[in-house]
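Work through the following exercises with the model open. Each task is followed by a solution in steps.

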Amino acid sequence: MTDPDVPVFTTTSSNRTITVTATDAGQIIELRFEAAEYGRGAAALAAEIVRLAQRCTLLARARRREALAAFGLADVLLDRLGLPDPHTVAAELARLDAPSADTTPHSWVRAR
């Protein structure tokens, strides 16, 4: 259980088989995945968990920025705290969600 003042965010994989909840500090506080994910292999499963955790952390940090801005903290201070602005969030989400060679499905089955 986390402190109610600590921003957290939950995100789910595109196929809805992995769900990660993490704090704005990057601490994973909940992880759920279906047994079928074991078939992907350990490296692929770990990579997807890390990607989802990074996504959660980014969005939780954006949530913290919004909360502090609502209290009147100036943008310059929020920037100094390293909290992402909406443009940074959009760019980072695009980077995290972009398909890459590491996220392509791997299988031991070969085409003939």
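**Exercise 1.** Determine how many aromatic pairs the structure holds, and describe the geometry and exposure of the partners.

Solution. The structure holds one aromatic pair. Rings of Phe, Tyr and Trp (its six-membered ring) pair if their centres lie within 6.5 Å; planes under 30 degrees apart count as stacked, over 60 as edge-to-face and the rest as tilted. The partners are Phe-33 and Tyr-38, with 5.4 Å centre to centre and 75 degrees between the planes, an edge-to-face arrangement. For exposure, buried means under 20% relative accessible area, exposed over 50%, and partly exposed in between (1.4 Å probe, protein chains only). Phe-33 has a relative accessible area of 29% and is therefore partly exposed. Tyr-38 is at 59% and counts as exposed.

A note on the source: this is a predicted model, in which local features need pLDDT of at least 70 and side-chain atom pairs count only at pLDDT 80 or more, while totals for chains, interfaces and linings use all residues. Residues are numbered from 1 along each chain as its sequence is written, and side-chain values use heavy atoms, with hydrogens and water left out.

**Exercise 2.** State which helices and strands the protein has and in what pattern they follow.

Solution. Helices (H or I, at least four residues) and strands (E, at least two) are DSSP runs, numbered from the N terminus. The protein has three helices and three strands. Along the sequence they follow the pattern β-β-β-α-α-α.

**Exercise 3.** Work out how the strands pair, and examine the turns between them.

Solution. Two strands pair if DSSP finds at least two bridges between them.

- Strand 1 (residues 8-12) pairs with strand 2 in the antiparallel sense over five bridges. Within this pairing, Phe-9 stands opposite Ala-22 in strand 2.
- Strand 2 (residues 18-23) pairs with strand 3 (residues 28-33), again antiparallel and over five bridges. Thr-21 has Glu-30 in strand 3 as its bridge partner.
- The hairpin of strand 1 and strand 2 has five residues between the strands, and Arg-16 in its turn has a positive phi of about 60 degrees. Most residues other than glycine have a negative phi. Arg-16 is a residue other than glycine with a positive value, and at 62% relative accessibility it counts as exposed.
- The hairpin of strand 2 and strand 3 has four residues between the strands, and there Gly-26 takes a positive phi near 90 degrees.

**Exercise 4.** Count the salt bridges, then find what the pairs Asp-24 with Arg-64 and Asp-79 with Arg-65 connect.

Solution. A salt bridge is a side-chain nitrogen of Lys or Arg within 4 Å of a carboxyl oxygen of Asp or Glu. The structure holds nine of them.

Step one: the side chains of Asp-24 and Arg-64 meet at 2.3 Å, N to O. Asp-24 lies in the loop between strand 2 and strand 3 and Arg-64 in helix 1, so the pair ties together parts that are 40 residues apart in sequence. Asp-24 is buried, at 10% relative accessible area, whereas Arg-64 is partly exposed, at 26%.

Step two: a salt bridge joins the side chains of Glu-30 and Arg-32 (2.5 Å, N to O). Glu-30 is partly exposed at 35% relative accessibility, and Arg-32 is partly exposed at 43%.

Step three: Asp-79 and Arg-65 form a salt bridge of 2.9 Å, N to O. Asp-79 belongs to helix 2 and Arg-65 to helix 1, so this pair ties together parts that are 14 residues apart in sequence. Asp-79 is partly exposed at 45% relative accessibility, while Arg-65 is buried at 8%. Elsewhere, salt bridges that share partners join Glu-48, Arg-51, Arg-55 and Asp-97 into one network.

**Exercise 5.** Identify which residues make the nonpolar surface patch, and place Leu-73.

Solution. Patches are made of residues with over 30% relative accessible area and no salt bridge: like charges are joined within 9 Å, nonpolar side chains (Val, Leu, Ile, Met, Phe, Trp, Tyr) within 5 Å. Accessible areas come from the Shrake-Rupley method with a 1.4 Å probe; for residues, only the protein chains shown count as cover. Leu-73, Val-76, Leu-77 and Leu-81 make a patch of about 350 Å². Leu-73 lies in the loop between helix 1 (42-70) and helix 2 (75-80), and is partly exposed at 31% relative accessibility.
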